[in-house]
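Biologist: I am new to this structure and would like a close look at a single part. Please take the surroundings of the ligand and describe the elements on each side.

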Amino acid sequence: MSVSCHSSKSLRLDNVTYQPLSGSCSSPRNKNMLGLVHSQPCLPFDKRNTVGKTFCSVGVCTYDGVAIESHSQVVEEKVGVLLLNLGGPETLNDVQPFLFNLFADPDIIRLPRLFRFLQRPLAQLISVLRAPKSKEGYAAIGGGSPLRKITDEQAHALKLALEAKNISANIYVGMRYWYPFTEEAIQQIKRDKITRLVVLPLYPQFSISTTGSSIRVLQSLFRKDAHLSRLPVAVIKSWYQREGYVKSMADLIAKELETFAEPSEVMIFFSAHGVPVSYVEDAGDPYRDQMEECIFLIMQELKARGIDNKHTLAYQSRVGPVQWLKPYTDEVLVELGQKGVKNLLAVPVSFVSEHIETLEEIDMEYKDLALESGIENWGRVPALGCTSSFITDLADAVIEALPSATTMSTSSTTSIVVDHDPVRDFVKLFFGSILAFLLLFSPRMISAFKNHLF
Ligand SMILES: C=CC1=C(C)c2cc3[nH]c(cc4nc(cc5[nH]c(cc1n2)c(C)c5CCC(=O)O)C(CCC(=O)O)=C4C)c(C)c3C=C
Ligand SMILES: [Fe+2]
């Protein structure tokens, strides 16, 4: 066992202290069938299977991964970081089952409780109706989503960034709607005997439909499992306000503005993935507020650099027959073209990887619409991906979160207060039943729904 003693600065956790490594190394990455990026800490010789175990009885002791200060007790600590993401179909055949998983999520289609039994049949119906349009989109970007590959790359980069800060951690990827599923990642975390877990959703802003949904899955897995319910977990609910993220976004925008002939004349057009208005107004989703604050912070950072362009925020990717957050991206693009805006830089802001909605919806559909509407010069800021300042900041977020890990069942960090109004619930129930009945049983309604909404 490689144990050494340090006098360098350490990070205090509950009753133990994490201390930086004396050196770091890049260790080989093992990727198993779950898509798990599972790395061993840098141990010398043949000690790699003894990951994260430290035995010491008095004073400050370290091993090459995590150092632990302990008085008269034996401490073993093994850090895991779980990256949460949406997941995406890898082939065109995956599209319909992926959509089924998405629409079967009660945080995506929020039916009144009495109608929850319709969730899966409705998901089946909607996924079958939506699949042809979605498949066209995925076909246009090469036949599948790049999300798994990019998230694995981010996981690997995060591992290295943590190692550079002398923290050894296993990084796991848990997707909500496609492989590697969150459930699989959690099983691996158990098998690896992780003793402290940081959950890091790869969505900068919190929404019930994204981070909220993934955390609900985690809470239910942890509740059912005696071992997991004792595991200290820190959940980073949102991180759009972190300086490193804001600065990294400002860097990308400033760089892309320079590609225009007259950078100061360019309208900065933030486009965020939408959510239904009812999430924000009835269910208390902080998504819109966080998005607006995020844009404010990025613009403030740009102003501090002398970049004072006009900017606007709109919401894209609406699905189905309800009101979504406004203004809608497609409508604003047309209005801006009509108002004479000639130079526009699109900035995707709700997600940190390239995905179907940047590569197809923004780069193809919205670009064409903008050019048809009179905008002459179009640009688009790339997603952050593995930008090093961004990954370094995520590593800092993980390190800062470690001390606050507590058992999941006792943490109330994710609860959203749902405002119950009996009259509104009844109206929803009544019209919801009629709609569900018509959708499930009327072929004419199905084709109307399909033509107008998908
Ligand atoms: C912050 C990001 C996202 C929010 C909020 C969000 C809410 C949300 N999404 C749908 C429906 C669909 N989303 C789809 C794909 C998709 N969504 C996000 C992110 C957010 N979704 C991403 C990153 C992706 C792409 C994954 C990929 O494969 O690259 C899809 C499938 C694609 C399509 O058919 O358009 C649907 C459908 C709802 C209903 C919703 C909020 C309630
Ligand atoms: Fe979505």
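Modeller: What follows goes from the shell around the ligand to the two domains beside it. The model is a predicted one.

There are 22 residues around ligand 1, and G88, S134, S145, S350 and H355 come nearest. By type, the shell around ligand 1 holds 11 nonpolar, nine polar and two charged residues. Four helices each supply at least two residues of this shell: α1 (95-103), α2 (119-140), α5 (208-223) and α10 (356-372).

Where does ligand 1 lie with respect to domain 1 and domain 2? Domain 1 covers 79-239 + 388-407 and domain 2 covers 243-380; both give residues to the shell, so ligand 1 lies between them.

Within the range of domain 1, helix α1 can be followed further. The residues V95, F98, L99, F100, L102 and F103 of α1 are buried. Helix α2 is included in what covers these buried residues of α1.

Next comes the open sheet of five strands, which has the order β8-β7-β9-β10-β15 and mixed pairing. Its edge strands, β8 (169-175) and β15 (406-407), each pair on one side only. Strand β7 (residues 79-85) runs parallel to β8, and seven bridges join the two. One of the positions to look at is V81, whose bridge partner in β8 is I171. Two helices pack on this sheet. Helix α4 (residues 182-191) touches β7, β8 and β9 (196-201), and its direction makes about 155° with that of β8. Helix α11 (residues 388-401) touches β7, β9 and β10 (232-235), and its direction makes about 140° with that of β9.

In the range of domain 2, strand β13 (residues 343-348) is a useful place to start. Five of the six residues of β13 are buried, so this strand is largely enclosed by the rest of the structure. Strand β13 pairs with β11 (residues 267-273) in the parallel sense over five bridges, and here A346 of β13 stands opposite F269. Strand β13 is also joined to β14 (residues 377-380) by four bridges, and these two strands run parallel. In this pairing, L345 stands opposite G379 in β14.

To return to the ligand, its shell draws on both domain 1 and domain 2, with α1, α2, α5 and α10 among the contributors.

Key:
Residues numbered from 1 in each chain as written. Chains lettered and ligands numbered in written order. Predicted model: local features only at pLDDT ≥ 70, side-chain atom pairs only at ≥ 80, totals over all residues. Pairing = 2+ DSSP bridges. Contact = placed C-beta atoms within 7 Å. Axes fitted to C-alpha atoms, helices over the stretch in contact; angles between N-to-C directions. Near = placed C-beta within 6 Å. Nonpolar A, V, L, I, M, F, W, Y, C, P; charged D, E, K, R; others polar. Domains from an automatic or database assignment. Buried ≥ 20, exposed ≤ 12 C-beta atoms within 10 Å, placed from the backbone.
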